[in-house]
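Grab a pencil and work through these exercises with the structure open beside you. Try each task before you read its solution.

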Amino acid sequence: MQQPLFPQLTSCGNWAADVLRDNPFLEQLILAGPDQKSMEGIPEELAEDRKEKLICISREEIKEGKSDEKVSRIHMELPIYISIDKDVLDRSGARTNWNQGDMPTDVLEKLLRYVFRHQKVNRETDELLYRFLSDLFRKYD
């Protein structure tokens with residue numbers, strides 16, 4: 001939800017704010033994983049005007065098991081787009097050259113399982129992607 005260093009540039013810090021502000025078709029945006037301090041830094045005009053669309057779940061809430069109420073507000077019947085910034089993960093799950101998060105991969109897995117369990121997902125595509133990625137990762141083991 002931060003402005004990019006260069007104007008007109010889409011970055012990992014601003015694309016979510018742009019879509020929340022500008023896309024009339026967006027029903028919800030769920031931001032999960034950044035620390036509470038980062039969540040408090042979301043510009044008020046985004047947080048207040050779009051409160052019903054924006055659900056923020058901090059890493060502290062996830063770690064302390066206090067995210068259930070916010071997760072229950074997610075409209076699971078809506079189509080989803082998932083973007084995962086690996087920098088929210090701890091060093092055992094990802095290594096980044098910028099701010100390193102502390103979310104364990106099992107927490108990410110739990111969140112993804114919850115979402116997919118409640119989604120009407122195209123099973124054939126899921127199976128195809130699973131086989132493809134499994135084969136790909138086996139080649140690099």
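**Exercise 1. Find out which residues have the most contacts inside the largest nonpolar core, and which elements supply the core.**

Solution. Keep in mind that you're working on a predicted model.
- Step 1: The largest nonpolar core has 13 residues, and those with the most contacts inside it are Ile-57, Ile-62, Ile-74, Leu-89 and Met-103.
- Step 2: Two or more residues of this core come from each of strand 2 (54-57) and helix 6 (105-117). Helix 6 gives the most, with 3 residues.
- Step 3: Zoom in on Leu-89. Leaving aside residues up to four places away in sequence, Leu-89 touches several others, among them Ala-94, Met-103, Pro-104 and Leu-108.
- Step 4: Now look for the second, separate core: this one has 10 residues, including Leu-20, Leu-26, Leu-29 and Met-39.

**Exercise 2. Work out which residues of helix 1 (residues 15-22) are buried, and why they end up on the same side of helix 1.**

Solution.
- Step 1: Pick out the buried ones: Ala-16, Ala-17 and Leu-20.
- Step 2: Check their directions around the axis. They cover an arc of only 100°, so they sit on the same side of helix 1.

**Exercise 3. Describe how strand 2 is covered and how it pairs with strand 1 (residues 29-32).**

Solution.
- Step 1: Take one side of strand 2, where Leu-54 and Cys-56 are buried. On the other side, Ile-55 and Ile-57 are buried too, so both faces are covered.
- Step 2: Strand 1 and strand 2 run parallel as a pair, joined over 4 bridges. Ile-30, for one, stands opposite Ile-55 in strand 2.

**Exercise 4. Find the salt-bridge partners of Asp-102, and decide whether each residue is buried, partly exposed or exposed.**

Solution.
- Step 1: Remember that side chains of opposite charge can pair when their charged atoms come close.
- Step 2: One partner is Arg-59, with the closest N and O atoms 3.4 Å apart. Arg-59 is in helix 4 (residues 59-63), while Asp-102 is in the loop between helix 5 (68-72) and helix 6, 43 residues apart.
- Step 3: Another partner is Lys-63, at 3.6 Å from N to O. Lys-63 lies in helix 4, so this pair ties together parts that are 39 residues apart in sequence.
- Step 4: Sort by relative accessible area. Buried means under 20% and exposed over 50%. At 16%, Arg-59 is buried; at 29%, Asp-102 is partly exposed; and at 55%, Lys-63 counts as exposed.

Notes: Residues numbered from 1 in each chain as written. Predicted model: local features only at pLDDT ≥ 70, side-chain atom pairs only at ≥ 80, totals over all residues. Heavy atoms only, no water. Core = buried A, V, L, I, M, F, W, Y, C linked by side-chain atoms within 4.5 Å. Buried < 20%, exposed > 50% of the residue type's maximum accessible area, 1.4 Å probe, protein only. Contact = heavy atoms within 4.5 Å. Arc of directions from axis to C-beta. Pairing = 2+ DSSP bridges. Salt bridge = Lys/Arg side-chain N within 4 Å of Asp/Glu carboxyl O.
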